[in-house]
Amino acid sequence: MFDTTSVTIFLLIVAIVFVIKTINVVPQQHAWVVERLGKYHATLGPGLKIVLPFIDRIAYKHSLKEIPLDVPMQVCITKDNTQLEVDGILYFQVTDPMRASYGSSNYISAISQLAQTTLRSVIGRMELDKTFEERDLINHAVVGAVDESASNWGVKVLRYEIKDLTPPKEILHAMQSQITAEREKRALIAASEGRKQEQINIATGEREASIARSEGEKQAAINRAQGEASAILSIAEATAEAIRKTASAIREPGGADAVNLKVAEQYVEAFGKLAKTNNSIIIPANLGDMSGLIATAMQVVKSQGAPGK
């Protein structure tokens, strides 16, 4: 009875082990490589999979996710013989689990070493200043070279990013001095451009002000001339109107006598003013000339005012 129970328990344990070895669950985004009697047999994808125990063996397990690989820092020599410490990170993904299992004994180490050698080669063809400007070019060059070789290992290199570019302290100090000098130069240029623009603005303002003043003076002169012309025209029109009215009044009855009286008054007034403003008084030799002068003036008035003459 004891022997039968022991055999039963043994068979139960064997059955449990057999089931555990037979049924396997592959996680999502993973791939397992199965060998049968030491030879590649199949690649198991995600889900519940059956494997023959003691005949099949899960030899490799691969993750199909994107994997970041930190590439160790190394010293590179630039084209102008300057040492440069470079640190980067590489992103890759397993695309063919069978090749990743048998194409290389350690594809991660192979990718890292290839990335380092490619990086040294790329930087060795550049001058120091270009290495800081052409980071994208360096990244693409490393990805292209590594991806070409990694395809034989079932790996796809997605991208490479440089984390740090560290030149020697002496070079770094010289670069900082150069940057400071460039900034001071740009500041001086900007200040001189500002002064130049200021002078241009002042000259432009003065020119525009002078033009405005001259235009104002021109318009003022035109306005004065037009005003004087209008005044002269108004005076001439008023004088002409006065003459017409005087001539009309003379032709009226008693007009001639009025003219005689007016001329005599003006003659006497002018003679009185002359007596006041001069120490010596000039008396006409013949006082009867005043009546003759008045008669002559009236004759002129009559001749001008007579119709038909």
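This is a quick briefing on the cores, strand pairing and aromatic rings of this structure. Bear in mind that the model is predicted. The main thing to look at is a nonpolar core of 29 residues, the largest one here. Five elements each put at least two residues into that core, and aromatic pairs turn up too, three by count.

**The cores**

- Inside the largest nonpolar core, the residues with the most contacts are Val86, Leu90, Tyr107, Ile111, Ile138 and Tyr160.
- The elements that each supply at least two of its residues are the strands β6 (67-77), β7 (83-94) and β8 (155-166), plus the helices α3 (107-124) and α5 (135-150).
- Helix α3 gives the largest share of this core, with seven residues.
- If you skip its neighbours within four places in sequence, Ile111 touches Leu69, Leu90, Phe92, Val146, Trp153 and Val155.
- Another core, of five residues, lies apart from that one, and Val26, Trp32, Leu44 and Val51 are among its members.

**Strand pairing**

- β6 runs antiparallel to β7, and the two pair over nine bridges.
- In that pairing, Asp70 sits opposite Ile89 of β7.
- Five residues separate β6 and β7 in a hairpin, and in the turn Asn81 has a positive phi of about 60°.
- β7 also pairs with β8, again in the antiparallel sense, this time over 10 bridges.
- Here Leu90 stands opposite Tyr160 in β8, and both of those residues are on the list of those with the most contacts in the largest core.

**Aromatic rings**

- There are three aromatic pairs, and one of them is Tyr60 with Tyr102, edge-to-face at 5.5 Å centre to centre with 85° between the planes.
- Tyr60 belongs to strand β5 (residues 56-63) and Tyr102 to helix α2 (residues 97-102), so this pair ties together parts that are 42 residues apart in sequence.
- Both rings are partly exposed: Tyr60 has a relative accessible area of 32%, and Tyr102 has 35%.
- Phe92 and Tyr107 make an edge-to-face pair as well, because their planes are at 80°, with the ring centres 6.2 Å apart.
- That pair links strand β7, home of Phe92, to helix α3, home of Tyr107, across 15 residues.
- Phe92 counts as buried at 0% relative accessibility, and so does Tyr107 at 12%.
- Tyr40 joins Tyr60 and Tyr102 in one aromatic cluster.

**Charges over rings**

- Lys61 lies over the face of Trp32, 4.3 Å from the ring centre; Trp32 is the residue already met in the five-residue core.
- Arg159 has its charged end over the ring of Tyr91, at 4.3 Å from the centre.

Methods. Residues numbered from 1 in each chain as written. Predicted model: local features only at pLDDT ≥ 70, side-chain atom pairs only at ≥ 80, totals over all residues. Heavy atoms only, no water. Core = buried A, V, L, I, M, F, W, Y, C linked by side-chain atoms within 4.5 Å. Buried < 20%, exposed > 50% of the residue type's maximum accessible area, 1.4 Å probe, protein only. Helix = DSSP H or I, 4+ residues; strand = E, 2+ residues; numbered from the N terminus. Contact = heavy atoms within 4.5 Å. Pairing = 2+ DSSP bridges. Phe/Tyr/Trp six-rings, centres within 6.5 Å; stacked < 30°, edge-to-face > 60°. Lys NZ or Arg CZ within 6 Å of the ring centre and 35° of its normal.
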